[in-house]
Every structure is written in C-alpha cells, then in structure tokens.
Amino acid sequence: MNPGLDAAHGERAMTAGVAGATRGRLLSLAPSVPLLIFTRTAQHGGRAACLAKCIVRAGERLSVNRPPQS
C-alpha cells in the first residue's frame, strides 16, 4: 500500500440509489435500475481519496465474509 495512504482513518458508506445515466451506460444498465453502492475512502495527504466502490444490483445475492474481530 502507498505509504502516504491512511486507510485506517477513511470512511465506509453504503447507499441505495439508481444507476443513473452515466453509470448505467458504463455498466450496460437502464438508468432506473436500483443499486446498493458501497464506497470506501482513505486519507492521502490529509485529503479524502476514493479507495474502492462496489455496486450490487437489487435482487442479487450478497454475501459478506469477515474474520472475527479480537
């Protein structure tokens, strides 16, 4: 990982929305298709930077596996 990237102080967000015109075109989806959007940011030089964005179509199966926290 980039030494200037501080993922520990980033944010995680989950939002419900629709594909929209631009995202729909890029993903070959109708603009009105409902989506669940997961976004993770990190700090880089004191500024927020997008680290990851995951999109799940409504009706799709979603499974999250996370190791137990100690």
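I began with the order of elements, which I read from the N terminus on as β-β-α-β-β, and this agrees with a count of one helix and four strands in the chain.

As the model is predicted, I looked up the confidence next. I noted a mean pLDDT of 82 for the chain, with 84% of its residues at 70 or more. Among the elements, helix α1 (residues 20-27) has the highest mean pLDDT, 94, whereas strand β1 (residues 5-6) has the lowest, 65. Where pLDDT is low, the predicted coordinates should not be read in detail.

I then turned to burial and found that 16% of the 70 residues of the chain count as buried. The accessible surface comes to about 5,600 Å², and carbon and sulfur atoms account for 54% of that area.

For the interior, I listed the members of the largest nonpolar core, which has five residues: Ala-19, Leu-29, Val-33, Leu-35 and Ile-37. I followed Leu-29 further and, leaving aside residues up to four places away in sequence, recorded that Leu-29 touches Ala-19, Gly-24, Leu-35 and Arg-57. Over the chain, I noted that 38% of the contacts between residues at least 6 apart in sequence join residues at least 24 apart.

On the surface, I looked up a nonpolar patch of about 280 Å², which is made by Leu-26, Leu-27 and Ile-55. Ile-55 lies in strand β4 (residues 47-57). Why is Ile-55 partly exposed? I entered its relative accessible area of 33%, which falls between the limits of 20% for buried and 50% for exposed, and therefore Ile-55 counts as partly exposed.

How values were computed: Residues numbered from 1 in each chain as written. Predicted model: local features only at pLDDT ≥ 70, side-chain atom pairs only at ≥ 80, totals over all residues. Heavy atoms only, no water. Patch = residues over 30% accessible without salt bridge, like charges linked within 9 Å, V, L, I, M, F, W, Y side chains within 5 Å. Areas by Shrake-Rupley, 256 points an atom, 1.4 Å probe, with all protein chains shown as cover. Salt bridge = Lys/Arg side-chain N within 4 Å of Asp/Glu carboxyl O. Helix = DSSP H or I, 4+ residues; strand = E, 2+ residues; numbered from the N terminus. Buried < 20%, exposed > 50% of the residue type's maximum accessible area, 1.4 Å probe, protein only. Core = buried A, V, L, I, M, F, W, Y, C linked by side-chain atoms within 4.5 Å. Contact = heavy atoms within 4.5 Å. pLDDT = per-residue confidence, 0-100.
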